[in-house]
Amino acid sequence: MSVSRPAAVIVLAAGEGTRMKSRLPKVLHEICGRSMLGHVLAAAAELDPERTVVVVGHGREQVVQHLQHVAPGVGTAVQDSQNGTGHAVRMAVESLREQGVELSGTVVLAYGDTPLLRGATLAGLVAAHEEAGNAVTVLSARVPDPAGYGRIVRDADGVFTGIVEHADADEAQLAIDEINSGMYAFDGALLSDVVKRLSTDNAKGEEYITDAVGILRGDGHRVGAALAGDWVEIQGVNDRVQLAEARRLLNDRLLTALMRDGVTIVDPATTWVDAGVRVGRDAVIEPQTQLQGRTVVGEGAHIGPATVLRDTEVGADAVVSMTVAHEALIGPEATVGPYAYLRPGAVLDRKVKIGTYVEVKNANIGEGTKVPHLTYVGDADIGRGVNIGASSVFVNYDGVTKHRTTIGDHARTGSDNMFVAPVRVGDGAYTGAGTVVREDVPPGALAVSAGQQRNIEGWVQRKRPGTPAAEAARRADENSAASD
Ligand code: UD1
Ligand code: CA
C-alpha cells in the first residue's frame, strides 16, 4: 500500500462532551493509560503528516497543557464557541492560513473522541482516497446499533450521496446501519473552500463537516465511503458507558497482542494493561492484575494475582504476587509479596526477597538480600546477602529532613530493630532483637541496645486490682504456693 505523506492531520477536540457530565474535557478522559486524544494522536502520528493541528475550545487551557505534555510537536487552533464540527475544521483551516499555510494534497480529519482508532486504518483510508482520486473519502462502518451516528446515504444504485445526522434523519434513514466514523481524507484545497460554504440549517443549528460530502458531490467532484473492516475501532465515546466499553475493547486488543506474543494471561476478563506496557515471553499474568504506564515485565516472570504495577520494571523470572508497585525496579528472579508495597525508587537487585507487609521506598537492596516480614525500608542502601529481621523500621525522618541508612554486605539484623538514620551497619555485622540502632555498627560487631530486663514483682495486683490479669496472677501465685 503506497501512501503519500498527508499535508496535515486535523483532530477535533473543542467540544464540551456534555454527556460525560464531567469537569474534565471529554477528550482528556483516559483509557488504558492515555487520554482519548492521546490515542488518536498516536494513530495520526503513524501517518507521519507534515503537520498536526488539534482544534481546542472547551477546557482549552487543560487540553493545551495536556498536549504540551503528551504531544509537544502538534499545533493548536482555537474554536471559541462550539458551532459544530464543520466550524471547528474551518477554524483549523483559517489558523493555518494565518500562518501562511495553504492546504494542498491530502488532509486527514479525525475526532478526538474515537480512541480505538489505529494508524493502519487511517493509512488504508488515505490509500483508498488517493487511489480513487476523490475530493473526500469518508471512513464508514456497519454497526449493530447506529443510534447517534451520522448515516451514510446511498441512492438506488448504491452510490454514496451524502451523510445525514441522526437528529436530522427521517425514519428510513434511521434504519441505515452504515455510519460515518468521523474519519475522513480530504483534498486539502477543496476542504479549504468547502468549509466556507457549510450552512447551519439543521436540527442543531451547527456547521456540520458531514455536509461537505453533499456539497462537493454537487460541485461534480468524486466522493467515496470506504468501509472499515472492524467497526469496533471507530466507536465514538460520548458518555461514560461508552468510555467503559471502549476501555474494555482496547484492553482486549492489547491482551490479545500480548497472548499472540507468548504471554499467558490467565483471566483476560480481570486483567488490565495500558498501551505502553511491554511483557516478555512466557510471563504469566494471574487474575486481577493491572499493568500500568510504562511497566515492563521480563521473560518468564510471574505477576499476580491481585497486583498493580505502575511504571515498574520487572526482571526475568521474578515472582510478584498481591503487590502494589509504583516506579520500582524488581531484579531478575526476585520474589515480592504477597502484600508488599514498593514505592518510587525501590530498586531490588537479582534474587532479592521482599515478603509480606513490607514497604520499600527510595532504597537500593543488594543481590540475594531478604526483607521477609512486616518492615518499612525507606531511604536506604542495603548490601548483598543481608537478612533484615522481622518487624523492623528504617527511621528515615526526623520530622524535618529525611536521612539514609546503610547496611553492609551479609549483615544480619535482629527482629524489631529501629535504624535511626543517618546510621551505618558495617559488613557482616549482627544486631540483637529489639535493637534501636542510633550509632554506627562496625563491621563484624554485634550491636545490642536493649538494657538489662527489670521485673517489678507484684505490680499488676497492686496497680490493676480486680482485672482478669490480676486474677490470673493471683491464681498462679496460689498454685506455686500449694506446690511448695
Ligand atoms: C459526529 C458526526 C457523526 C459521526 C460521529 C462519529 C458531525 C456533524 N457528526 O457526531 O456523523 O457519526 O461523530 O463519532 O460531524 N467538536 C469540536 N467542535 C464542535 C463540535 C464538536 O471540536 O463545535 C469535536 C468534539 O470535541 C468531538 C468531535 O468534534 O471530539 C465530534 O463531536 P461530537 O459532538 O461528539 O459529534 P457526534 O454527535 O458524535
Ligand atoms: Ca462523538
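## A first stop: T210

Let's begin at T210, which sits in the loop between helix 6 (188-194) and helix 7 (211-218). Because T210 has a relative accessible area of 4%, this threonine counts as buried. Setting aside residues within four places in sequence, T210 is in contact with I163, E165, N180 and Y184. Please keep in mind that you are looking at a predicted model.

## Two domains

Stepping back from that loop, the domain assignment of the chain gives domain 1, spanning 8-234, and domain 2, spanning 263-447. If you take the C-alpha centres of domain 1 and domain 2, they lie 48 Å apart.

## The calcium ion

Now turn to ligand 2, a calcium ion. Which residues coordinate it? The ion is held by D113, through OD, and by N238, through OD1, at 2.4 to 2.5 Å. D113 belongs to the loop between strand 6 (106-111) and helix 4 (119-132), while N238 belongs to the loop between strand 11 (223-227) and helix 8 (240-260), so this pair ties together parts that are 125 residues apart in sequence.

The UniProt record, an unreviewed entry, places a "binding site" annotation on D113 and N238. Although these residues are spread over 126 residues of sequence, they cluster in space, with a largest C-alpha distance of 7.4 Å. Both D113 and N238 are also included in the lining of the largest pocket.

## Around D113 and N238

Is D113 buried or exposed? D113 is buried, because its relative accessible area is 13%, and the cut-off for buried is under 20%. Not counting residues up to four places away in sequence, D113 touches K26, V27, M36, Q235, G236, V237 and N238. One of these neighbours, K26, has a side chain joined to that of D113 by a polar contact of 2.8 Å.

N238 has its own set of neighbours: leaving out residues up to four places away in sequence, N238 touches R19, M20, K26 and D113. Here again K26 appears, as the side chains of N238 and K26 make a polar contact of 3.1 Å. The K26 side chain therefore has polar contacts with the side chains of D113 and N238, the two residues that coordinate the calcium ion.

## A second annotated group

There is another "binding site" annotation to explore. In the unreviewed UniProt entry, this one covers A390, N396, Y397, S415 and A433. Two of these residues are worth a visit.

Where is A390 placed? You will find A390 in the loop between strand 29 (387-388) and strand 30 (393-395). Apart from residues up to four places away in sequence, A390 touches H373, L374, T375, S415 and D416.

S415 is found in the loop between strand 32 (412-413) and strand 33 (418-420). With a relative accessible area of 36%, S415 is partly exposed. The contacts of S415, again not counting residues up to four places away in sequence, are G389, A390, S392, G432, A433 and G434. Among them, A390 and A433 are covered by the annotation that also includes S415.

Definitions and conventions:
Residues numbered from 1 in each chain as written. Chains lettered and ligands numbered in written order. Predicted model: local features only at pLDDT ≥ 70, side-chain atom pairs only at ≥ 80, totals over all residues. Heavy atoms only, no water. Domains from an automatic or database assignment. Donors = N, O, S within 2.8 Å, 3.2 Å for Na, K, Ca; no water. Helix = DSSP H or I, 4+ residues; strand = E, 2+ residues; numbered from the N terminus. Buried < 20%, exposed > 50% of the residue type's maximum accessible area, 1.4 Å probe, protein only. UniProt positions renumbered as here; feature names shortened; annotations may be inferred. 1 Å grid on protein atoms, 1.4 Å probe; cavity = no way out; pocket = protein on both sides within 12 Å on 5 of 7 lines; lining within 4 Å. Contact = heavy atoms within 4.5 Å. Polar contact = N/O pair within 3.5 Å; in protein donor to acceptor, adjacent residues only side chain to side chain.
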